[in-house]
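Trainee: Can you walk me through reading a helix pair, and then a surface beside DNA?

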2 protein chains.
Amino acid sequence: MSNAYNRPDQLSPELRRRVLDTARRLGYPGPDPVARSLRTRKAGAVGLLLTENLSYAFRDPAAIGFLEGLALACEDAGTGLLLVPANPEREDVASVHRAGVDGFVVYSVPDDDPHLAAVLERPVPTVVCDQPDLGTVDRVGIDDRGAMYELAKHLISLGHRRVGVVCMRLARDRNDGFVTADRQHAAHFHVQRNRLSGLAEAFSEAGVDWSQVPVVERFDHNTASGASGAAQVLDKDPQITALICTSDVLALGAMTEAARRGLRVPHDLTVTGFDGIRAGEEAGLTTVRQPVLEKGRAAGKLLLDASERSRPRSVNLSTELIIGKTSGPPRGGAEERWFGP
Amino acid sequence: MSNAYNRPDQLSPELRRRVLDTARRLGYPGPDPVARSLRTRKAGAVGLLLTENLSYAFRDPAAIGFLEGLALACEDAGTGLLLVPANPEREDVASVHRAGVDGFVVYSVPDDDPHLAAVLERPVPTVVCDQPDLGTVDRVGIDDRGAMYELAKHLISLGHRRVGVVCMRLARDRNDGFVTADRQHAAHFHVQRNRLSGLAEAFSEAGVDWSQVPVVERFDHNTASGASGAAQVLDKDPQITALICTSDVLALGAMTEAARRGLRVPHDLTVTGFDGIRAGEEAGLTTVRQPVLEKGRAAGKLLLDASERSRPRSVNLSTELIIGKTSGPPRGGAEERWFGP
DNA sequence: AATTGGTTCTGAACCGTTACGGTCCTTTCA
DNA sequence: TGAAAGGACCGTAACGGTTCAGAACCAATT
């Protein structure tokens, strides 16, 4: 029976035809994929765990790029890609337990997420992306800290000393407002924590007291958040000369807010982002470009490449500092500040 | 055993603790989801079949919107969403057979696609979207023909009689060039066929000989195709006053090409799209807006709503004609043409 | 003491497939 | 003609759960 469908060479064409005929006559719909998976111990799919509502992934350009890369890798391998529903509000990890997959890709979830813990308990290979290196599973990511450090150095060389920051959510709880030093350090999102830490390091080295720098957090990740975050920072300290955002989406929102206030970018205010999305490129945004598609593809390849599973691998992709039209020397000139009070 | 995990009320807490303890000690990783699926006859996932390389879906804004809506519906139901790899080049339907799912959503594939045929043979509920009504499975879509008819009427009322068309692929074979009347009629993509037919009907009613209208087809769906398609139409007949594109993405590309030629839109050339994507909105594109997200959500709901499975349902969502800044009367004025030779 | 009722626990059947090994039949060659 | 070899076919045992019937046990009632 099974052979008739899957192994035509194991039996005579005549028998095969007869088997298939009677199968059709009896209304047999073909081998059941689930039973096959049970027997062969292969599900033919990899699971993707996202921290957000599934639908969020389709709104964030960086996430879409990652998804595209991952889908590409899966397609090459003829594997399905299962989007696992993981509502961050409910702590319901049943969906992780229920997922019939040969492996998991975990993309940018908080490091204390119960879904992540549930994935790690499953006896299947796993790749984490934009997460801390767990040492036990494969990882792919970028040097968020170093990239942001470099961006900060650029701003510092332009003469910026009084800056503000708008960042994405730092933990699972909603905190739309200013961020304490403690919260920055304890951030559960690896990516955000490292970007902030890169900034803090660079500016501290330049003699700036980082604890005095206004850092505003936004739970939702969209341009509206970028705008309101920028407003909150500018209200707190109208004297800042640069607004550093930890994503392009936030930066684009910040630019809208700057325009609303009549601030010219970069003459009156420098704005920077992170990611290198298309819309940012079109706006001439100064940012760090990261290879989101490659990240997805690398994650997929790592997961599907059975060889060398001996010890966990860690892949770091390279980023590129893009100096666009939204960064420039602070109003009044760099020199004034260099030698000022 | 099973009860210890899933039915805590069926046994005493003491035994449950003991069972779970020894399970942990033996390194038992929890119930196997595949075995459970086999027994319960529920896979906990729905499959999505797309005609294109999986990764294409993440480049097309309309497809992303659909995906988002579908993901939303799945999330609400706690169901996974399996992206089934269906390489349109190879006729390999094994991926469809291998997919362990409780149902399929089929989105905009050619009506002669072998993958679609394979899905219909599987004994699971199916919803087709942007496809002809098969009568045997649920369907969700819009009135492509009527919407395009209305758009055409708008152009006709402005005075346009000499027009050109750029459309998406009409069949599985690549044909980057002009389209015969035969090919238009026999188009295997339901959506494109109906949009063209709506145009043909409206312009025929206005006395235009549709067989003389240049219609150019592009296999790849991106702005570059829109630009080159527009170029091909304009080269063939530089006198046309309106360029009708069957998608916003193509229309945006056409606008680029118009600008390259020094044609002002809409003064020298009217350009229209279809879909109502964000980028088109920002460009002030005249287009038909369709509720892509709602389409995805409706497809998911239809599939996951077990009730009233008696006879196939068909859902038509409504569209809206958006008159933007890219359409206007033809150069020389409408009247001149109305009463001209 | 026997019946009844209720709860907790155990064992076996079943889901549908694939892998494996054994039987049988045909062919080939000494 | 007989033995060996090989191909075609078939039967059966897992795979790892869920479910359900019924056994075992305890307490309360007659």
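Mentor: Start with helix H4 (residues 61-77) and helix H13 (residues 292-304), both of chain A, which pack at an angle of about 35° with their axes 6 Å apart. Keep in mind that this is a predicted model.

Trainee: What describes two packed helices?

Mentor: The angle between their axes and the distance between the axes. Handedness comes next. H4(A) passes H13(A) in a right-handed crossing.

Trainee: Which residues of H4(A) and H13(A) meet?

Mentor: From H4(A), the contact includes Gly65(A), Phe66(A), Gly69(A), Leu72(A) and Ala73(A). Their partners in H13(A) include Val292(A), Gly296(A), Ala299(A), Gly300(A) and Leu304(A). The residues of this contact divide into 11 nonpolar, four polar and four charged.

Trainee: Now the DNA. Which residues come nearest to DNA strand D?

Mentor: There are 18 residues around DNA strand D, and those that come nearest are Ser12(A), Arg41(A), Ser2(B), Arg7(B) and Arg39(B). By class, the surface holds seven nonpolar, five polar and six charged residues.

Trainee: How much of the strand D contact belongs to sugar or phosphate, and how much to bases?

Mentor: Take the atoms of DNA strand D within 4 Å of the protein: 72% belong to sugar or phosphate, the rest to bases. Then look at single pairs. Side-chain N or O atoms of Tyr28(B) and Arg36(B) lie 3.0 Å and 2.9 Å, respectively, from a phosphate oxygen of the strand. Asp32(B) uses a backbone N or O atom, 2.9 Å from a sugar or linking oxygen.

Trainee: Which element gives the largest share of that surface?

Mentor: H3(B), with five residues.

Key: Residues numbered from 1 in each chain as written. Chains lettered and ligands numbered in written order. Predicted model: local features only at pLDDT ≥ 70, side-chain atom pairs only at ≥ 80, totals over all residues. Heavy atoms only, no water. Axes fitted to C-alpha atoms, helices over the stretch in contact; angles between N-to-C directions. Helix = DSSP H or I, 4+ residues; strand = E, 2+ residues; numbered from the N terminus. Left-handed = near helix turned anticlockwise from the far one by under 90°. Contact = heavy atoms within 4.5 Å. Nonpolar A, V, L, I, M, F, W, Y, C, P; charged D, E, K, R; others polar. Near = heavy atom within 4 Å. Polar contact = N/O pair within 3.5 Å; in protein donor to acceptor, adjacent residues only side chain to side chain.
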